[in-house]
Amino acid sequence: MLTIEDLSVNYGMIQAVQNVSLQVNQGEIVSLIGANGAGKSTILRTISGLIHPKEGSIQFLNQDITKTNPQAIVKMGISHVPEGRHVFKDLTVKENLEMGAFLRKDKENFEADYQTIYQRFPILKDRLKQDASTLSGGEQQMLAMGRALMAKPKLLLLDEPSMGLAPIFIKEIFKIIEAIKEQGTTVLLIEQNAKMALQVADRGYVLESGKLFLSGSGQDLLASDQVQKAYLGG
Ligand code: ATP
């Protein structure tokens, strides 16, 4: 579904990502883990077209999207939930969800999709008229995910969904990520919570200082000595 080849991304003189190649197949959860500053968010921002790479290519559903703009990329079926959620705080929960569907033309299907979102995130249904600013961090994360799902993505990019959340919300978020996969949306997840990210992943990649360091099935990476030592405190 998504093929990244030899991707290098710079911010001025900083080489944030160097020669990274990775693949996401339809129906998978793929987790990208790595320390602070390893280049994880940069890879997601490059896939979404928010920044353009210095070298390399990105193919989505057999089309080259390396230089495609963000709006066209959303229309092609990629939604991005950035780190820190970025919900529209002065809009209500319902208005935030509506924003997610902004680029869709099939208005007749919206109501059914809202109902699916409410089933997945019952807390949002109770808060539809409330400003997003009044939600807790975990609820804002759910709203950001619900908003991204209203775009009906084929591929969902999640940047640190567990960041700053209480353990009970973290468990909930990971359950929801698995449910999103079960309902047919492919997920590329980046996380510092390596253990949970690899537990839900079909496959994973480990990034260190902008370079790919290891890859394998979620289970193999969880069992790997290098991952245990560096990321799981083993
Ligand atoms: P974190 O988990 O801390 O967000 P990350 O793995 O997502 O880390 P990136 O945010 O992709 O890492 O950052 C990769 C490198 O690029 C870091 O050295 C970071 O300081 C640098 N960087 C990121 N954004 C910018 C920017 N807008 N301008 C300059 N340097 C940047």
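User: Which residue stands opposite Leu189 in E8?
Analyst: This is a predicted model. Strand E7 covers residues 155-159, and it pairs with E8 in the parallel sense over five bridges. The residue of that pairing that stands opposite Leu189 in E8 is Leu158.

User: Which residue in E8 stands opposite Val30?
Analyst: E8 also pairs with strand E3, residues 29-33. That pairing is parallel and runs over five bridges. Opposite Val30 in E8 stands Leu188.

User: How many of the six residues of strand E8 are buried?
Analyst: E8 spans residues 186-191. On one side, Thr186, Leu188 and Ile190 are buried. On the other side, Val187, Leu189 and Glu191 are buried too. Both faces are covered, and the count of buried residues is six of six.

User: In what order do the four strands of the open sheet stand?
Analyst: Here the pairing is antiparallel. One pair in it is E1, residues 2-11, with E4, residues 55-60, over five bridges. The full order is E2-E1-E4-E5.

User: Which strands stand at the edges of that sheet?
Analyst: The order of the open sheet is E2-E1-E4-E5. An edge strand here has a single partner strand, so one side of it is left without a neighbour in the sheet. The strands placed this way are E2 (14-24) and E5 (63-64).

User: Which residue in E4 stands opposite Ser8?
Analyst: Strands E1 and E4 pair in the antiparallel sense. Five bridges link the two. Opposite Ser8 in E4 stands Glu55.

User: What is the N to O distance in the salt bridge of Lys54 and Glu55?
Analyst: Glu55 is partly exposed, because its relative accessibility is 41%. Its side chain meets that of Lys54 in a salt bridge. The N to O distance is 3.4 Å.

User: How many salt bridges does the structure hold?
Analyst: Among them is the bridge between Lys54 and Glu55. Another joins Asp106 and Arg104, at 2.9 Å from N to O. The structure's count is seven.

User: Is Arg104 buried or exposed?
Analyst: Its salt-bridge partner Asp106 is partly exposed, at 23% relative accessibility. Arg104 has a relative accessibility of 9%. The cut-off for buried is under 20%. Arg104 therefore counts as buried.

User: How many residues apart in sequence are the parts that Glu139 and Arg127 tie together?
Analyst: Glu139 forms a salt bridge with Arg127, with the closest N and O atoms 3.4 Å apart. Glu139 lies in helix H6 (residues 137-149), while Arg127 lies in the loop between helix H5 (122-126) and H6. The pair therefore ties together parts whose separation in sequence is 12 residues.

User: What is the relative accessible area of Glu139?
Analyst: Arg127 is partly exposed, at 24% relative accessibility. Glu139, on the other hand, is buried. The relative accessible area of Glu139 is 9%.

User: Which residues do salt bridges that share partners join into one network?
Analyst: Asp106 and Arg104 meet in one salt bridge. Both belong to the network. Its members are Arg104, Asp106, Asp113 and Lys152.

User: Which residues form a negative surface patch?
Analyst: One member, Glu98, is found in helix H3, residues 93-100. Glu98 is partly exposed, because its relative accessibility is 38%. The patch is formed by Asp90, Glu95, Glu98 and Asp131.

Conventions
Residues are numbered from 1 along each chain as its sequence is written. This is a predicted model: local features need pLDDT of at least 70, side-chain atom pairs count only at pLDDT 80 or more; totals for chains, interfaces and linings use all residues. Side-chain values use heavy atoms; hydrogens and water are left out. Patches are made of residues with over 30% relative accessible area and no salt bridge: like charges are joined within 9 Å, nonpolar side chains (Val, Leu, Ile, Met, Phe, Trp, Tyr) within 5 Å. Accessible areas come from the Shrake-Rupley method with a 1.4 Å probe; for residues, only the protein chains shown count as cover. A salt bridge is a side-chain nitrogen of Lys or Arg within 4 Å of a carboxyl oxygen of Asp or Glu. Lys and Arg count as positive and Asp and Glu as negative; His and the chain ends are not counted. The place of a charge is taken as NZ of Lys, CZ of Arg, CG of Asp or CD of Glu. Buried means under 20% relative accessible area, exposed over 50%, partly exposed in between (1.4 Å probe, protein chains only). Two strands pair if DSSP finds at least two bridges between them.
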